[in-house]
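Reader: Hey, got a minute to walk me through this one? I'd like to get my bearings before I go back to the bench.

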Amino acid sequence: MGDIKEKVWSQIFIIYTRLLIGGAFVFASIVKIKGNRFTAESGELNPINSAWHFFETMYQSGLYWKFIGIAQLIAGFLLMTQKYSKLGALFNLPIILNIFIITISYYFAYTPVITGLMLLANLLLIIWEWDEIKILFNLTPVLDKRMRLEKDYIWQVIGLILFSFIFAFGLFFHEHNFGFWIIACFLIAILGLILGILREKKRKNYI
């Protein structure tokens, strides 16, 4: 794992996996925090063993619905900060596992494929950080103090910019200009990639 962590491509993959999962959870959390349904119509009249009736029950709970949203928001934020991504990956694991189990318990078409991939991605993030977080299992941690692309503070800045944009968009424009949201997130992510690679090349030139 040590050699893989030194590869630029693997670090970029991990960075953007954190941003992707974190951003998805932040966006999904706003609906719940605002006290809105996933869909425009109620699922109350759907069969009791259907997914939409299940979501309607959670929505009608009120406090529990908002609690789920707050938990997703915290998990997404921690992942997107990069600095606290270890805690974010651990915090997010029971959430995404729960979502995956729900999607295989009810009919969701191909949604279990997406949630399954997100679960695997979250497990990958934990494996990536295993040397340090294994202290939770009473094992001796191995602290990695080497400077590399992944640890550049530029990713923390990009993560906070993306979080702020996604949170603000979800709060005020969740049902509008979705195309603009996608394009804006993509451009911010590309900007981060360009700056990150340029800074990494500059750093290596000084070594």
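Author: Sure, we can start with the overall layout and then go through cores, helices and single residues.

Reader: First off, what kind of model am I looking at?

Author: It's a predicted model.

Reader: OK. How many helices and strands does the chain have?

Author: There are 9 helices and 0 strands. Going along the sequence, the pattern reads α-α-α-α-α-α-α-α-α.

Reader: And what does the C-alpha trace span along its principal axes?

Author: About 65 × 45 × 30 Å. The chain has 207 residues, and 40% of them are buried.

Reader: What about contacts, how much comes from residues 24 or more positions apart?

Author: If you take the contacts with a separation of 6 or more, residues 24 or more positions apart account for 65% of them.

Reader: Now the surface. How much of it belongs to carbon and sulfur atoms?

Author: 71% of an accessible surface of about 12300 Å². As for charge, the chain carries 19 positive and 13 negative side chains, with the centres of the two sets 8 Å apart.

Reader: Let's go inside. Which residues touch the most other members of the largest nonpolar core?

Author: That core has 18 residues, and the ones touching the most other members are Val26, Met80, Leu162, Ile166 and Trp181. Two or more residues come from each of H2, helix H4 (63-80), helix H8 (154-173) and helix H9 (178-206).

Reader: Which of those gives the most?

Author: H8, with 7 residues.

Reader: Can you zoom in on Leu162? What is it in contact with?

Author: Leaving aside neighbours within four places in sequence, Leu162 is in contact with Leu19, Met80, Cys185 and Ile188. There's also a second, separate core of 15 residues, and Ala75, Ile96, Ala121 and Ile126 are among them.

Reader: Why would nonpolar side chains be buried together?

Author: As a general point, that's what nonpolar side chains tend to do in soluble globular proteins.

Reader: Fair enough. Switching to H2, how far does it reach?

Author: Helix H2 covers residues 8-33, which is 26 residues, and reaches 37 Å from its first C-alpha to its last. That's close to the 38 Å expected at 1.5 Å a residue. Gly35 follows H2 and has a positive phi, near 80°.

Reader: And H3, which residues are buried there?

Author: In helix H3 (residues 51-61), the buried ones are Ala51, His53, Phe55, Glu56 and Met58. The buried residues of H3 pack against H4. Just after H3 comes Gly62, with a positive phi of about 75°.

Reader: Those are glycines. Where do I find a positive phi in a residue other than glycine?

Author: Gln82 is one of them, with phi near 65°. Gln82 sits in the loop between H4 and helix H5 (85-105). Ala109 is another, with phi near 55°, and Ala109 lies in the loop between H5 and helix H6 (111-128).

Reader: Is Gln82 buried or exposed?

Author: Gln82 is at 7% relative accessibility, so it counts as buried, the cut-off being under 20%. Ala109 is at 46%, so that residue counts as partly exposed.

Reader: I noticed Asn92 too. What's around Asn92?

Author: Asn92 is in helix H5 and counts as buried because its relative accessibility is 1%. Beyond neighbours within four places in sequence, Asn92 is in contact with Ile21, Phe25, Ala75, Leu79 and Asn122.

Reader: Last couple. Where's Ile197, and what does it touch?

Author: Ile197 is in helix H9 and is partly exposed, with a relative accessible area of 30%. Not counting residues up to four places away in sequence, Ile197 touches Ile12 and Leu149. From Ile197 to Leu45 is 53 Å, C-alpha to C-alpha, and those two are 152 residues apart in sequence.

Reader: And Tyr64?

Author: Tyr64 is in helix H4 and is partly exposed, at 42% relative accessible area. The C-alpha atoms of Tyr64 and Lys32 are separated by 9.3 Å, with the two residues 32 apart along the chain.

Reader: Great, that's what I needed.

How values were computed:
Residues numbered from 1 in each chain as written. Predicted model: local features only at pLDDT ≥ 70, side-chain atom pairs only at ≥ 80, totals over all residues. Heavy atoms only, no water. Helix = DSSP H or I, 4+ residues; strand = E, 2+ residues; numbered from the N terminus. Buried < 20%, exposed > 50% of the residue type's maximum accessible area, 1.4 Å probe, protein only. Contact = heavy atoms within 4.5 Å. Areas by Shrake-Rupley, 256 points an atom, 1.4 Å probe, with all protein chains shown as cover. Lys, Arg positive; Asp, Glu negative; His and termini not counted. Charge placed at Lys NZ, Arg CZ, Asp CG, Glu CD. Expected span 1.5 Å × (residues − 1). Core = buried A, V, L, I, M, F, W, Y, C linked by side-chain atoms within 4.5 Å.
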